[in-house]
Amino acid sequence: MTKLILCGALGRMGRAILKTSLEYSDLQVVAGVEHPDCVRGQSLGEAVGMEEFKFAPLTSNLEDVLPLGDVVVDFTGNTLSALAHAKLSAYAGKGVVIGTTGFSPQQVEELKELSAYAPILLSPNMSLGVNLLFRLAEIAVKALKDKGFDVEILEIHHRFKKDAPSGTALKLLEIVANALGKDPSQVGKFGREGIDPKGEEIGVMSLRGGDVVGEHTLYLLGFGERIELTHRAVSRDIFAKGTLEACRWIKGKPPGFYSMFDVLGI
Ligand SMILES: NC(=O)C1=CN([C@@H]2O[C@H](COP(=O)(O)OP(=O)(O)OC[C@H]3O[C@@H](n4cnc5c(N)ncnc54)[C@H](OP(=O)(O)O)[C@@H]3O)[C@@H](O)[C@H]2O)C=CC1
Ligand SMILES: O=C(O)C1=N[C@H](C(=O)O)C[C@H](O)C1
């Protein structure tokens, strides 16, 4: 049995992971960590209204429950708390799976340094489909390099999403820029206004509204034709499933910095 501690347990992803975990007989969420304002002396089960977790503690301090778990999962949506959770967990030798997005390059470097102590998996998107999209994007962009195609990225998410562009769109930018031999920090362009003719940049545009779970399109825009590679998430269960597969995979792995490509073998 792999025992999980879930940080951000009462959030959208936290609740999806709790529900989906009930389908796995070898995985168990044994404790939740939440923002102090949300912890009111209730158990995790009482807080989410799920009988199955009535004996699992809910705390605002990961240290209180760290000895209970093998793997710590972070979906707090707050990079500072995710880093703090990763630090505590890695020093304790626990596996870490991070779905939180919005890390700066410096913060990613910090996570890589921590992965000398324990296995850490960071992925902006835990779904099988998006990870395949990453691979397809690399193939397509390489095949069309120097053939006169422009590359642009569009993402759409629900009105409550805090970060923009999405972590997935930024990863797509990194993948396609690298495939073109360009530096993502130099070619990424995050909006256009006024007189702004198209150059060598890769535009990354964000729409927000309603309850859109997550949509990403890579556009390859040529003259007389265009290719659109789109992934549409219609349920958070796909992210929850990927997260749980990652937790199962990471237990017992040597220290190192991993991604969903390692879990999915693609
Ligand atoms: N990798 C992937 O596949 C996916 C990644 N994501 C990412 O996951 C993150 C979370 O998304 P989502 O679930 O929609 O966000 P939510 O805001 O619904 O959930 C985050 C939860 O974490 C809580 N929280 C904030 N700070 C802390 C803290 N210090 N300790 C414990 N809990 C804390 C929040 O509390 P409060 O509201 O009080 O701040 C909230 O309940 C985002 O970064 C999103 O981009 C989302 C979907 C898929
Ligand atoms: O906040 C979300 O909801 C999502 N965030 C991730 C991201 O930033 O890429 C993944 C997914 O698209 C949903």
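**Exercise 1. Find out how strands S1 and S2 pair, and then place them in their sheet.**

*Step 1.* Strand S1 (residues 2–7) runs parallel to strand S2 (residues 27–33), and six bridges link the two. Strands here are DSSP runs of E with at least two residues, helices are runs of H or I with at least four, and both are numbered from the N terminus. Two strands pair if DSSP finds at least two bridges between them.

*Step 2.* For a starting point on screen, look at Thr2, which stands opposite Leu27 in S2.

*Step 3.* Now widen the view: an open sheet of seven parallel strands has the order S3-S2-S1-S4-S5-S6-S12. Its edges are S3 (58–59) and S12 (256–258); each has a single partner strand, so one side of each lacks a neighbour in the sheet.

A word on the model: it is predicted, local features need pLDDT of at least 70, side-chain atom pairs count only at pLDDT 80 or more, and totals for chains, interfaces and linings use all residues. Residues are numbered from 1 along each chain as its sequence is written, while chains are lettered from A and ligands numbered from 1 in the order in which they are written.

**Exercise 2. Locate His157 and Lys161, and decide for each: buried, partly exposed or exposed?**

*Step 1.* His157 lies in strand S7 (residues 150–157), whereas Lys161 is in the loop between S7 and helix H7 (167–179).

*Step 2.* Count other C-beta atoms, placed from the backbone, within 10 Å: 20 or more means buried, 12 or fewer exposed, and anything in between partly exposed. His157 has 25, so it is buried; Lys161 has 18, so it is partly exposed.

*Step 3.* Check the record: an unreviewed UniProt entry lists both His157 and Lys161 under "active site". Such annotations may be inferred rather than shown by experiment; feature names are shortened, and positions follow the numbering used here.

*Step 4.* Both residues also belong to the surroundings of ligand 2, which include Ser166 and Gly214. A residue is near a molecule if its C-beta atom, placed from the backbone, lies within 6 Å of it.

**Exercise 3. Pick out the backbone features at Pro165 and Asp146.**

*Step 1.* Recall that most peptide bonds are trans, and most residues other than glycine have a negative phi.

*Step 2.* Ala164 and Pro165 are joined by a cis peptide bond, with omega about -10°. Pro165 sits in the loop between S7 and H7.

*Step 3.* Asp146, though not a glycine, has a positive phi of about 65°. Asp146 is in the loop between helix H6 (128–144) and S7, and is exposed because it has 6 C-beta neighbours inside 10 Å.
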